[in-house]
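Notebook open. I wanted to look up how two chains meet, and then how one of them is laid out.

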Amino acid sequence: MAKAECTPKWNTLALRNRKTCPTPEKSFQTTFTPVSKDKNSQTAGLLAGGDTQSSNGPSGQFVARGSIESPSKVLLMLVAGLSFSTRLYKLTEPPHVCWDETHFGKMGSYYINRTFFFDVHPPLGKMLIGLAGYMSGYNGTFPFIKPGDKYENQNYWGMRGFCAVLGSFLPIFAYLIVLELSNSCTAAIIAATLLIFDTGCITISQYILLDPILMFFIMAAVLSMVKFNQQRYRSFTASWWFWLVLTGINLAGALGVKFVGLFVIVLVGLNTIGDLWRLLGDMSLSLVDIAKHFLARAFALILLPLILYVTIFAVHFVVLNKSGPGDGFFSSAFQSRLIGNNLHNASMPEYLAFGSTVTIKNLRIAGGYLHSHWHLYPEGVGARQQQVTAYLHKDYNNLWVVHRQQDNNSQSGNPDLVRHGDIVRLEHKETTRNLHSHLHEAPLTKKHFQVTGYGINGTGDANDLWQMEVCGGRKGDPVKVLRSKVRFLHRATGCVLYSSGKTLPKWGWEQIEVTCSPYLKETPSSQWNIEDHINPKLPNISLSVLKPNFLEILLESHIVMFRGNSGLKPKDNEMNSKPWHWPINYQGLRFSGVNATEYRVYLLGNPVVWWINLASLGLYFTMVAVASIATQRGFSLGQQRIEHSLVLVRGGGLLMLGWLLHYAPFFTMGRILYFHHYFPAMLFSSMLTGLTLDILFRSADLLLHPPYSYWFQRTGQLLLLFSILYSFYLFHPLSYGMTGPLAHEPGSAMAGLKWMDSWEF
Amino acid sequence: QLGGLPLVVTAQVDLLLVLVSLLAFWTRLSHLSYPNAVVFDEVYYGQFVSLYMKRVFFIDDSGPPLGHMILAFGAYLGGFDGNFVWNRIGAEYPTTVNVWSLRLLPALCGALCVPLVYLLTLELKFSHLSALGAAVLLLLENSLIVQSRFMLLESVLIFFVLLAFFSYLRFHNAPSSLSGGTPRYIWLILSGVSCGAVVGVKYMGLFSYLLLLVVASLHTWKLIGDKTISHRNVCVQCVHRVLCLVVVPVLLYVFWFYVHLSFLNRSGPHDQLMSSAFQASLQGGLSRITRGQPLEVAYGSQVTLRSSVSQPIPCWLHSHKVNYPIRYDNGRGSSHQQQVTCYPFKDVNNWWIIKDPGRQQLVVDTPPRPVRHGDVIQLVHGMTSRFLNSHDVAAPMSPHTQEVSGYIDFNVSMPAQNLWRVDISNREAESEVWKTILSEVRLVHVNTSAVLKLSGVPLPDWGFRQLEVVADKLFKAHSSSLEWTVEEHRYGTSQEQKEREAELHSPTHIDVDRKISFWAKFVELQWKMLTVKQEESEHKYSSSPLEWITMETNIAYWLHSSTNAQIHLIGNPVSWGVGNLSLLAYQLLAVVYLLRRRRGLKDVPDGVWDQFVCLGCVCVGGWLVNFVPFLLMDKTLFLYHYLPALCYLYLLSPALLEHAHTHLLRYRALCVGALAVLLSIFLTYRTFCPLTYGSPELSAHQLQGLKWRDTWDILYRRR
């Protein structure tokens, strides 16, 4: 219906469209700005010409149209060529592990070896790295122990190359997005140039990292969203569906690599809400039509990404079926899935007995094993007794021995089983202290009591006694290993052993706090199960543990990931980057090498590019403020200005929103932050710069008369291009490697380039 | 048109207003001096009031100084002399303390909130009946009563927030034909002043202030779009608004600090957090010690070096005649040279002598040769004559950094590396002289270019639990843990070690006062307030923001020392529910309205719609800005943080009811229902009165009956 309405306008406006397919976008805009219709014939040439000066008659327009069509293709080829060559140049240098390659390369190897591991990011990025490695002949044997390890004969180029290729698409996508939003090749080429010659973008694309993959999906999602927005007058056509579905797929990809992908989902979500709001206001659409639109979007942007995201996890769990370093983070039931884990086809005594050595695992997801070690609580934190914590890794300090209240050392015959309601004493095997609690405040959860290790060789006091209860059990029920949920009630105070999930400070080795809670509500935090059970006097029985279903696994792994993410707190001695450092390019990251003798790569944005971006943000706000006040005040603006302000407000607004969404949330995050977290936001910022500067140059005729304004525009563009190229020439060693003395020492290749004291190259 | 309104109507309004005001004063001010004991956070604010009375400098990171000043003013009116130790909740006030005057100002503010809410509802263009409803909700809210009746700041904050909104809306609603007239602008100025006060009382007020700015800028935006007004007029009006709503609050905010700093001019317990220059500007304390010291540090100067960070504790570079252990507990080796630490107390071992590497003497020449930026020096420890040294040995607690020691030659081919370059980081010129107190200096180790740094880690017993000092190569430009200031300083005169020791033991002296400007002090104090992090720990009554909505938590404010009489911060559960319900209802209704309007179905006329939107902006917006930020905060939070947000809900409820009754559901049942709810609010208020006013004493059984929620902690005394 919308189509039918618009066709007459198309005819009058067809000449204005510079693309082979007439974009109804234009006609839509004109409906909002009726002025444009009247002045159409005079201004059409200007609009179509963009940076050409042809404004007389239809023949000029045809010329303009043709001349725009081919340059944009040529420019695109140019952008692609430069982008690939800058990213792929010196790809295999340095031939050792750089920075976080030690994690992500290792995880790629885990996929090739099918070993289970735990990471705070969703699996897609690492899966793709693993796949790229596999395809390029890497066999997964390199250990990736620490940065600086030489690769020797390993085929690492495939993994780096994969990331670099994805990274090379970023300037291309930026070019296409800005072209779509502003209809100006100049704006698009500025944005692409900024990204191509940014040392930061080059560096971050060249190594085995998640960021190039993440940014690829983010930019692809934005591009398909923008393309989809252009299809608004061709609802439910093939191309409409294509871009819509592609947006959904890219969203799933972005989220599947890192949770930062959530921000682009919010961006697309807000855009979609705006779109639906527009449709709702379109009185020519019936409610049924609107419902159709809504359902189509709900399917493609919510349901489809969700399905894909879940599929990624399904693949992850199917591929990784061997026990590995991440087991301890997961519940006993989960571990039994993994080949090589001691719970896989486990065989151990079925019922808990006195004298057994056990590990006790909290039922809260990522709750940890009950743990103690040779360290006391520090002064001022309750009583100065031995620490009891919960620990996520498997460790001999997790072992406890179950004793009777009074150990009468009856070693004869079969040991007695522990039954519901029995009083037990838990002795820590390594330190021979008893699990103990008393009326002191717990270290973090002040409402609870402190739990300590007390006594020596099992001799303690009455505060060491715990009543063991099987949840839902009756008096006399035995305690089943793995399957029974048990809780430990403290005899003297009546509180229940509890894992609060809070991370202890450094004195507690960043393990998890264990307390005794006076609130007896049954929660997983206060329930435990017996995981390992060693008792030589009892026969081992093969146990088939209840296998968890897929949804349970999915939920569990997400909770573990979120806990892991929020647990990444800054440590005292570590460099802690603050979000306000980022846009000003305050401090980079060392990718490789510290000393003068080493091959150094330093992740730092090209300062000229980044400072232009920063200035453009201010410029953008000023220009939008001026434009909107002028409109609000009702000043009569020329057609060209109205077009410009529409591009600024709509296209620029979208990019600004993207920048804000990818930047502002970091201010509220408590986890440790790094410089490279800014890069997705930087992409949006660069695109915004392209759009803003282009319009700034073109508005030169506000101040200058036509021939001069044209010269001003050209000079500005050339100056910009030159400064970007020259600064890239100056700073390219940051990405492609430096050797020799550091910048502040004499004889350095980077001498004089340390413009800020905080840069470390 | 003023004559058109019958006088009778006006009088009726006044009567209602007067009535609720009187009731408010009665509920907030009666028996104000009971209990005659320190209640909850009075113990916290009280110490600052005492310090104000004694004019002793303090720093409180919980909020700007206006709130404390208001409390202190109340104390001043009552003749409080500051001589009371605020050490525990429940301590009895002596007869010399006028408790009534301490609590008077917050209670007055709390009482005035009730008529303000009444007036504000009228300015939102709802009826007197709604206004009465809002006033009654506020009047009978137990938690607000409790919070107002003690020496606490929430009621003051709420009062200023309401005043700011009321006066702004008064300004906005005033007929613009009077735009030239001053009365209208008086309201705008009053609004600006209240905004300044809001931000001055608590930082949370900032969000309410921002909301007001948003509302004001929306109105201004409409004004800009109004083409019937001339360009000049628009400009003038915009400038007026910016002046009153932005410039005035900012100036006032600075003014509070000006008063604070000029009033508190004596040194006190919080001095140590501040820079040496700041301390020197206070009477007593450091200024007494440092008065008349030579300004320029010269070769041969005897100095104490204070670390610029005050984390974990302010301290001075220190050494003593004990060596690092040969092996640490974890098996790592050390240089076994003399320990260099940072010591948080004044001590004769904190003295160091600045020596020219090219010369042997340790006395100051005449005339003194000043040390400048970039000069290379040696530092000699005054009492042991060891040279400050660093080398490629891992530091005891931070093994990624270099050890710093007093050099002892053990003849193990470990040469002395005791040259340090002076790097003045706050220099104005390249050849600047190193100045006492004013200069912040980095000591760069010449051999390794590492920088002397306080790592802040306490050493184990072998280091007497003093703080570790290291030299760190990975220096970060912004870290103030690298910077040191000369605090005590004199020109050394004795070349002989014995004489020098005697000299070091003698106190420094002399006179001259060093002033730093107000702006420097303001910036430093503000920066310290925002960055000083106190140890965040969970409190027994702390809670999480989501618990506030359903009031899952309470706070015990006071318990009588022998009986069961007690005061709790517990809201009126019925009003609380009404507030939540109206919040939900408003949002639902707004969504329905919006969707239907978008489809061209106008359920209510435009005027009413505007009124509805304005109500939402102020009330729902106010609730959001006062609640959502807490979700993102890492602080220890309490139920009373929710009270400002709650007031917005009470403002919303009756207005929304009126809207629904006039435009949607014109049923009599609605009125009856509303009356029934009001009645039950009154009854619950009465029920919880004993916990609000702390009397009469209830039996354990009655208390059990008041425990409407399992999660509330109500105290019973075992008899």
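My entries below go from the interface to the domains.

**Interface, size.** First note to self: this is a predicted model. I looked up who takes part in the contact and got 28 residues from chain B and 33 residues from chain A. Together the two chains bury about 2,500 Å². Carbon and sulfur atoms hold 55% of that area.

**Interface, polar side.** How many salt bridges are there between chain B and chain A? I got zero. Polar contacts did turn up: nine residue pairs across the interface of chain B and chain A, with both residues at pLDDT 80 or more.

**Interface, chain B side.** Next I asked which elements of chain B give two or more residues to the side that touches chain A. They are helix 9 (205–225), helix 10 (231–263) and helix 16 (573–598). Helix 9 of chain B gives the most, with five residues. I also sorted the residues on this side of chain B by type: 10 are nonpolar, nine polar and nine charged.

**Domains of chain B.** The assignment I pulled up splits chain B into domain 1 (15–259 + 540–706) and domain 2 (292–509). I have 54 Å between the C-alpha centres of these two domains of chain B.

**MIR annotation.** From the unreviewed UniProt entry I copied "domain: MIR", which covers residues 294–357, 368–425 and 430–489 of chain B. I checked one of these spans, residues 368–425 of chain B: 0% helix and 40% strand, with the end C-alpha atoms 23 Å apart.

Definitions and conventions:
Residues are numbered from 1 along each chain as its sequence is written. Chains are lettered from A and ligands numbered from 1 in the order in which they are written. This is a predicted model: local features need pLDDT of at least 70, side-chain atom pairs count only at pLDDT 80 or more; totals for chains, interfaces and linings use all residues. Side-chain values use heavy atoms; hydrogens and water are left out. Contact means heavy atoms within 4.5 Å. Buried area is the accessible area (1.4 Å probe) that two parts lose on being put together, summed over both. A salt bridge is a side-chain nitrogen of Lys or Arg within 4 Å of a carboxyl oxygen of Asp or Glu. A polar contact is a pair of N or O atoms within 3.5 Å; within protein, one must be able to donate a hydrogen and the other to accept it, and residues adjacent in sequence count only if both atoms are side-chain atoms. Helices (H or I, at least four residues) and strands (E, at least two) are DSSP runs, numbered from the N terminus. Ala, Val, Leu, Ile, Met, Phe, Trp, Tyr, Cys and Pro count as nonpolar, Asp, Glu, Lys and Arg as charged, and the others, Gly among them, as polar. UniProt positions are given in the numbering used here, feature names are shortened, and annotations may be inferred rather than shown by experiment. Domain bounds come from an automatic or database domain assignment.
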